[in-house]
Amino acid sequence: MASIWVGKRGTIRDYPGFNPSVDAEVIRKAIRGIGTDEKTLISILTERTNAQRQLIAKEYQAICGKELKDDLKGDLSGHFKGLMVALVTPPAVFDAKQLKKSMKGTGTNEDALIEILTTRTSKQMQEIGHAYYTVYKKSLGDEISSETSGDFRKALLILANGRRDESLKVDEQLARKDAQILYNAGEKRWGTDEDAFTDILCLRSFPQLKLTFDEYRNISQKDIEDSIKGELSGHFEDLLLAIVRCARNMPAFLAERLYQALKGAGTDEFTVNRIMVSRSEIDLLDIRAEFKKLSGYSLYSAIKSDTSGDYESTLLKICGGDD
């Protein structure tokens with residue numbers, strides 16, 4: 001049974017001839033010696049899938065009596081440390097922690113919230129919700145409720161509950177009906193019926209939405225993105241635009257996020273680490289292709305020119321090659 005966190009277009013695959021106790025012992029030596037052997041750590045942790053890394057972590061604890069992530073935290077530093085700890089964290093827990101981070105302190109990182117909640121499947125969202133409660137003893141929904149408001153909050157809560165239909169079957173009649181509802185809720189009336197937008201965009205499957213957006217263009221002679229921009233505003237608008245883009249081409253949406261995180265002065269490591277780690281077994285090959293299409297240069301070269309040291313080496317290994 002393949003994990004829901006694994007796709008066909010990842011850069012990291014199961015390591016052949018995998019032996020968790022051998023790996024755990026090698027890692028132990030790399031950490032315990034005089035000075036840390038970063039190269040060994042990088043080569044093992046970037047060449048094993050997350051499921052394999054979890055087995056290594058279990059063996060490591062059995063040998064050392066300590067958690068691998070705690071030893072990595074104690075031994076490494078900076079962005080490199082954050083990335084290595086991310087690699088040994090189970091995916092649902094990693095996303096739960098990212099969500100917590102984006103809601104912590106003053107001000108909410110809405111972009112990160114939007115990105116995680118729009119790109120995870122319903123099943124993944126349910127696992128993340130469970131992990132969130134396990135780690136923080138608070139429900140994800142309650143945290144979102146206290147950090148956001150209005151239509152934005154309402155839409156986020158539907159997504160957080162993992163209620164989106166996941167079926168691949170499309171219904172043409174429903175697409176026409178939904179397109180008409182969206183048209184009536186926005187373009188056709190004075191003021192906007194936000195609830196209609198929320199319900200359709202947050203509950204229908206992505207293939208179904210794609211068809212709905214085609215029908216919408218037929219009815220209104222406008223692209224759904226233009227209508228959303230004209231009718232809505234703020235974070236709610238950002239969220240619905242993200243859903244439209246994910247339904248049409250999720251790797252392109254994530255490539256755009258990476259492009260923004262890597263361009264200009266300074267790198268947004270929070271975003272870079274999250275996308276590179278969370279998509280490394282799902283669709284990072286497609287994200288790489290879209291990145292090149294968007295920017296004219298490869299993701300590999302963007303990482304190379306924007307990062308350095310062990311942090312750079314690790315990202316390049318996860319990236320998996322130049323395009």
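A residue counts as exposed when its relative accessible area is over 50%, and as buried when that value is under 20%. Keep those cut-offs in mind as you explore this predicted model. Here we look at one helix and at a few of the 24 salt bridges found in the whole structure.

**Helix 11**

- Helix 11 covers residues 172–185, and its end C-alpha atoms are 20 Å apart, which agrees with the span expected for 14 residues.
- A175, D178, A179, L182 and A185 are its buried residues. Viewed down the axis, they fall within an arc of 130°, so they line one face of helix 11.
- These buried residues pack against helix 12 (194–203), helix 13 (206–220) and helix 14 (224–231).
- Q173 and K177, on the other side of helix 11, are exposed.
- At the N-terminal end, D171 acts as a cap, with a side-chain oxygen 3.0 Å from the backbone nitrogen of Q173.

**Salt bridges**

- In helix 17 (residues 284–295), K293 and E290 sit 3 residues apart, about one turn of the helix. Their side chains meet in a salt bridge of 3.4 Å, N to O.
- K293 has 65% relative accessibility, so it counts as exposed, whereas E290, at 15%, counts as buried.
- A network of salt bridges with shared partners joins R217, D223, E225, R245 and R248.
- K29 and E25 form a salt bridge whose closest N and O atoms are 3.9 Å apart. The two residues are 4 residues apart in helix 1 (residues 20–32), about one helical turn.
- K69 pairs with E67 in a salt bridge, the closest N and O atoms being 3.4 Å apart. K69 is partly exposed at 24% relative accessibility, and E67 is partly exposed at 34%.

Technical notes:
Residues numbered from 1 in each chain as written. Predicted model: local features only at pLDDT ≥ 70, side-chain atom pairs only at ≥ 80, totals over all residues. Heavy atoms only, no water. Expected span 1.5 Å × (residues − 1). Buried < 20%, exposed > 50% of the residue type's maximum accessible area, 1.4 Å probe, protein only. Arc of directions from axis to C-beta. Contact = heavy atoms within 4.5 Å. Polar contact = N/O pair within 3.5 Å; in protein donor to acceptor, adjacent residues only side chain to side chain. Salt bridge = Lys/Arg side-chain N within 4 Å of Asp/Glu carboxyl O.
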